[in-house]
Amino acid sequence: MLLITAMLGSGCAISPKPVTTHDVQTRVTADQTKIYAGQEPIRAPIRFEEAVARALKYNLDYRLKLMESALASGQAELVTYDMLPSLLASAGYVSRNNYYVSDSVNIYSGETQLSNSTSQEKNRSIASAALTWDVLDFGVGYYRARQKGNELLIAEERRQRVIQNILQDVRISYWRALAAQQLERQTRELHGKAQQALEMYRKAEREGIVPHKETLDYQRVMLDTVMLLSQREQDLEIAKRELAALMSVPPDMPFTLADRLGKDLPPLPSNERELENLALAHRPELREEDYRVRVTADEVRARMLAFLPNLSLSTTARYDSNRFNLHQNWVDSGLQLGLNLLKLPALPAAQAVNAAQVKVDEARRLALSMAILTQVRVALERYRLARQDYELSLQSQSLDERLANYANASFKSQTGGELELIRAKTRALNSEYAHYSTFATAQAAYGRIYNSVGLAVLPADLKQDLSVAALAETIAKHVTEVETTTLLNTQ
């Protein structure tokens, strides 16, 4: 007793301790190691398909969805055991400080027939094994198992949606990062020249070599140029950082990209109605709603079971070492039928709630379907406009490149100034950036069509634990086949 009291007293004295700086640092170090652990090294320039493969293989969001699918699978298997009967085994030892003593009285005469007698020992051992089966519990367990099975399918659809979003995100970041890679050197060089020219005009202003108003105008032009180039450098650098984050590449690991910008864009899909039908059939969100309708239906069935009579069956094997017992081993069996009458008045309300839930599910599915149809139409229109912008950027780049060549020739022949040369090169660089940017935007817009239709990124029979190269090849082959048979074959 004293020991129990001491344990309770020490338990009441427990107080929470804050996490120490050392614990936080240990966790940070361990997390950083785990984030980048087990990745294949980058040995060559990265193609677009390899970037997608690395994102799918090492992206933490995708790995989380994989684990959620595995967890849902385990829960679906675990809940099936709830349908089994209950088997409870117990054993113990019972002790009294005195005998269990009783009297026997004749109920008619009131005379004591047997006084101060006992039929139970002070110390005895008991054991039992009870097997019970509840029909309503079985029914509820059955519907819960079906719900968990459908939730497993919902988790898989969410994983597919994450895969599609990763493809879209990589498509956007890859082409922008490739533009950054191709323009990095000339942007840096031109930025340096513009900065030098700005300092030169500031010096001219201080020394009074050039009229004050003229130097201010030159500084204004050069400062605008420097600011524009700085903004371009920031945009391009951010694009590469975003791509590195999608691929889970460590920040200090350099990499280059292998594709080329400016290649032909895919044609605009022409059969909008067919793409809309494909979206309604393939979008993971709508397939998730299909499974959610099943979950709701099973929830309704499980809820209605509470209004039915409950049948319970039980069989219990018992043992009691009491020497006064004629039989120390015996078996109890029972059958019980019960009904909670106080719940019956709630039946109409439950039916109304069930009907309302069905209507809510249908309304949510219809609203989602309308949103998806809108996404398909908007994606097609965006791609059409992006193709137009790309064609205009080609013309703009060609014109500004010719102007830059003319300014360069004038500067070499001393008929033009350095200011005009820098301005012309800046315009040409900006047009080239706009050209690459519109190409990346067009690629992203085309990817939105793929994404809005809900087309698969990976084949259904994909083998697990593929290398990055093998996964990249599989993705390239599958995506090309899907685009050819759906997006590009809609005449």
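Helices here are DSSP runs of H or I with at least four residues, and they are numbered from the N terminus. I need that before I can place Glu-288, which sits in helix H8. I also note that this is a predicted model.

**Entry 1: the whole chain**

I began with the overall counts. The protein chain has 11 helices and six strands. It holds 491 residues, and 34% of them count as buried. Next I looked up how far apart in sequence the contacting residues are. I took contacts between residues at least 6 apart in sequence, and 81% of these join residues at least 24 apart.

**Entry 2: Glu-288 in H8**

Is Glu-288 buried or exposed? I count Glu-288 as buried, because its relative accessibility is 13% and the cut-off for buried is under 20%. I then looked for its partners. The side chains of Glu-288 and Arg-158 are joined by a polar contact of 3.0 Å. Setting aside neighbours within four places in sequence, I list Ile-154, Glu-157 and Arg-158 as contacts of Glu-288.

**Entry 3: H3**

Helix H3 covers residues 48–58. How many of its 11 residues are buried? I find nine, so I call H3 mostly covered. The buried residues include Phe-48, Val-52, Leu-56 and Tyr-58. Glu-50 and Arg-54 are also among them.

**Entry 4: H7 and its buried face**

Helix H7 runs over residues 272–282. Its buried residues are Leu-275, Glu-276, Leu-278 and Ala-279. Why do I say they line one face of H7? Seen down the axis of H7, the buried residues fall within an arc of 160°, so they line one face of the helix.

I picked Leu-278 of H7 for a closer look. Its relative accessible area is 19%, and Leu-278 is buried. That value is under the 20% cut-off for buried. Leu-278 touches Arg-283, Val-453 and Thr-486, leaving out residues up to four places away in sequence. I also checked Leu-278 against Ser-452. The two are 174 residues apart in sequence, yet their C-alpha atoms are 9.6 Å apart in space.

**Entry 5: H7 against H8**

H8 spans residues 284–304. The axes of H7 and H8 come within 5 Å and cross at roughly 45°. I therefore write the pair down as oblique to each other. On the H7 side, the contact is made by Ala-279, Leu-280, Ala-281 and His-282. On the H8 side, Pro-284, Leu-286 and Arg-287 take part. By class, I get five nonpolar residues, one polar and one charged.

**Entry 6: H8 against H9**

H9 takes in residues 347–412. How do H8 and H9 run, roughly parallel or roughly antiparallel? Their axes come within 10 Å and cross at roughly 180°. H8 and H9 are therefore roughly antiparallel to each other. From H8, residues such as Glu-285, Leu-286, Val-293 and Met-304 take part in the contact. From H9, the contact includes Leu-347, Asp-361, Arg-364 and Ile-372. The contact residues divide into nine nonpolar, five polar and eight charged.

**Entry 7: Ser-248, a positive phi**

Most residues other than glycine have a negative phi. I therefore noted Ser-248, which has a positive phi of about 60° although it is not a glycine. Where is Ser-248? I found Ser-248 in the loop between helix H6 (212–246) and H7. Ser-248 is buried, with a relative accessible area of 7%.

**Entry 8: Asn-322, a loop residue**

Asn-322 is in the loop between strand S5 (310–320) and strand S6 (329–338). It has a relative accessible area of 3%, and I count Asn-322 as buried. What does the side chain of Asn-322 reach? I find the backbone nitrogen of Glu-121, at 3.1 Å. Beyond its neighbours within four places in sequence, Asn-322 is in contact with Ser-119, Gln-120, Glu-121, Arg-124 and Gln-328.

**Entry 9: Ala-89 in S1**

I ended with a strand residue. Ala-89 is in strand S1, residues 86–95. Is Ala-89 buried or exposed? Ala-89 is exposed, with a relative accessible area of 64%. It touches Ser-128 and Ala-129, not counting residues up to four places away in sequence. I also looked up its separation from Thr-316. Ala-89 and Thr-316 are 227 residues apart along the chain, and their C-alpha atoms are separated by 9.4 Å.

Note on methods: Residues are numbered from 1 along each chain as its sequence is written. This is a predicted model: local features need pLDDT of at least 70, side-chain atom pairs count only at pLDDT 80 or more; totals for chains, interfaces and linings use all residues. Side-chain values use heavy atoms; hydrogens and water are left out. Buried means under 20% relative accessible area, exposed over 50%, partly exposed in between (1.4 Å probe, protein chains only). Helices (H or I, at least four residues) and strands (E, at least two) are DSSP runs, numbered from the N terminus. The arc is that of the directions from the helix axis to the C-beta atoms. Axes are lines fitted to C-alpha atoms, for helices over the stretch in contact, and angles run from 0 to 180 degrees between N-to-C directions. Angles under 35 degrees count as roughly parallel, over 145 as roughly antiparallel, 65 to 115 as roughly perpendicular and the rest as oblique. Contact means heavy atoms within 4.5 Å. Ala, Val, Leu, Ile, Met, Phe, Trp, Tyr, Cys and Pro count as nonpolar, Asp, Glu, Lys and Arg as charged, and the others, Gly among them, as polar. A polar contact is a pair of N or O atoms within 3.5 Å; within protein, one must be able to donate a hydrogen and the other to accept it, and residues adjacent in sequence count only if both atoms are side-chain atoms.
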